[in-house]
Amino acid sequence: MKILSICGSPRKGNTEFMLRTLLKSAEYSGAETELVLLREKDIKFCDGCHACKGGSGKCSIKDDMDEIRDKLLLADVIVFGSPIYYDCVTGLLKNFIDRINPLYTKLKGKKFAFVIVGQLKGKDGEVSRKFIIDFLKNISDIHEMNFIGYVYGISVDPDEISKDEQVIKQLKNLGKKITQQ
Ligand SMILES: Cc1cc2nc3c(=O)[nH]c(=O)nc-3n(C[C@H](O)[C@H](O)[C@H](O)COP(=O)(O)O)c2cc1C
């Protein structure tokens, strides 16, 4: 089983830690995993040319997305990770999502999970999370993927989530679950 995870944080911080923890657990259950750090990739904005329309699978832009789209097609499980920015995913991840439009109908049936982290607590945190959770579930639905689950963390400093035992446990459980369900 191949798991491809996509990290949308612009820094080495909580999201990357969460994805690595989840992937380590999945590897323990026998999965082959890969982590793509979008901040290290050359991914241009979708220019709306519609070369991909009608399921052609084509994209007129030549950059690192060519290689990542191939990896997505080979993956059995796709895991997105993002810090919450203004109640949604980061610009890095949103840009990536726009650029998977050529894969419309081609990711059907793949398992999908995500991890998110934001700084807001209590009611404000709930409101902030609702938007991004609905957004990512909708991406899963649009691509007809099989949504497995998500983990959220509450942190600000880059190494903060690594001290949250409860979140680490949830990440390990989700890592195991995506290899089994
Ligand atoms: C531009 C910006 C917008 C943010 N917006 C939110 C938000 O809407 N809700 C929230 O809970 N946290 C918000 N945060 C806090 C980050 O989500 C938080 O610091 C998170 O831990 C960053 O994850 P990372 O370490 O993986 O980069 C924002 C941070 C930045 C820089």
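T105 is exposed, since there are just 9 other C-beta atoms within 10 Å of its own. In this predicted model, T105 sits in the loop between α3 and β4. The backbone there does something a little out of the ordinary: T105 is not a glycine, yet its phi is positive, at about 80 degrees. Most residues other than glycine have a negative phi. Y86 gives a second case, with a positive phi near 50 degrees in a residue other than glycine. Y86 belongs to the loop between β3 and α3. With 10 C-beta neighbours inside 10 Å, Y86 counts as exposed too, because the cut-off for exposed is 12 or fewer.

From these loops, the account turns to the sheet. It is an open sheet of 5 strands in the order β2-β1-β3-β4-β5, and the pairing is parallel. The edges are β2 (residues 32-37) and β5 (residues 146-154), each of which pairs on one side only. From one strand to the next, the twist averages 15 degrees.

Strand β3 stands in the middle of that order, with β1 on one side and β4 on the other. On the β1 side, 5 bridges join the parallel strands β1 and β3, and one partnership puts I6 together with F80 of β3. On the β4 side, β3 and β4 also run parallel, and 7 bridges join them. Here P83 has V117 of β4 as its bridge partner, while G81 stands opposite V115 of β4.

How much of β3 is buried? The strand is mostly covered, with 7 of its 7 residues buried. In a regular strand the side chains alternate between the two faces of the sheet. In β3, V77, V79, G81 and P83 point one way, I78, F80 and S82 point the other way, and all are buried.

Two helices can be placed against the sheet by the strands they meet. Helix α2 lies across β1, β2 and β3, and runs at about 140 degrees to β1. Helix α4 packs on the sheet as well, touching β3, β4 and β5, and its direction makes about 160 degrees with that of β4.

One residue of β1 shows what a spot inside this arrangement looks like. C7 lies in strand β1, and it counts as buried because it has 28 C-beta neighbours inside 10 Å, where 20 or more is enough. Leaving aside residues up to four places away in sequence, C7 touches T15, E16, L19, L35, V36, L37, L38 and G81. Among these contacts is G81, one of the buried residues of β3. As for the far end of the numbering, C7 and T179 are 172 residues apart in sequence and 19 Å apart in space, taken C-alpha to C-alpha.

Helix α3 (residues 91-99) has its own buried set, made up of L92, L93, F96, I97 and R99. Why do they line one face of the helix? Seen down the axis of α3, these buried residues fall within an arc of 160 degrees, so they line one face. In general, an α-helix has 3.6 residues a turn, so residues three or four places apart point the same way. The cover over the buried residues of α3 includes β1 (residues 2-7), α2 (residues 65-74), β3 (residues 77-83) and α4.

Within that helix, I97 deserves a closer look. I97 is found in α3 and counts as buried with 20 C-beta neighbours inside 10 Å, because the cut-off for buried is 20 or more. I97 and L136 are 39 residues apart in sequence, and their C-alpha atoms are 9.9 Å apart in space.

Finally, there is the ligand. It is surrounded by 19 residues, and the closest are G13, T15, P83, G118 and L120. The elements giving two or more residues to this shell are α1 (residues 14-28), β4 (residues 111-118) and α4 (residues 122-142). By kind, the shell divides into 8 nonpolar, 9 polar and 2 charged residues. Some names here are already familiar: T15 is among the closest to the ligand and is also one of the residues that C7 touches. P83, likewise among the closest, is the β3 residue whose bridge partner in β4 is V117.

Terms used:
Residues numbered from 1 in each chain as written. Predicted model: local features only at pLDDT ≥ 70, side-chain atom pairs only at ≥ 80, totals over all residues. Near = placed C-beta within 6 Å. Helix = DSSP H or I, 4+ residues; strand = E, 2+ residues; numbered from the N terminus. Nonpolar A, V, L, I, M, F, W, Y, C, P; charged D, E, K, R; others polar. Arc of directions from axis to C-beta. Contact = placed C-beta atoms within 7 Å. Pairing = 2+ DSSP bridges. Axes fitted to C-alpha atoms, helices over the stretch in contact; angles between N-to-C directions.
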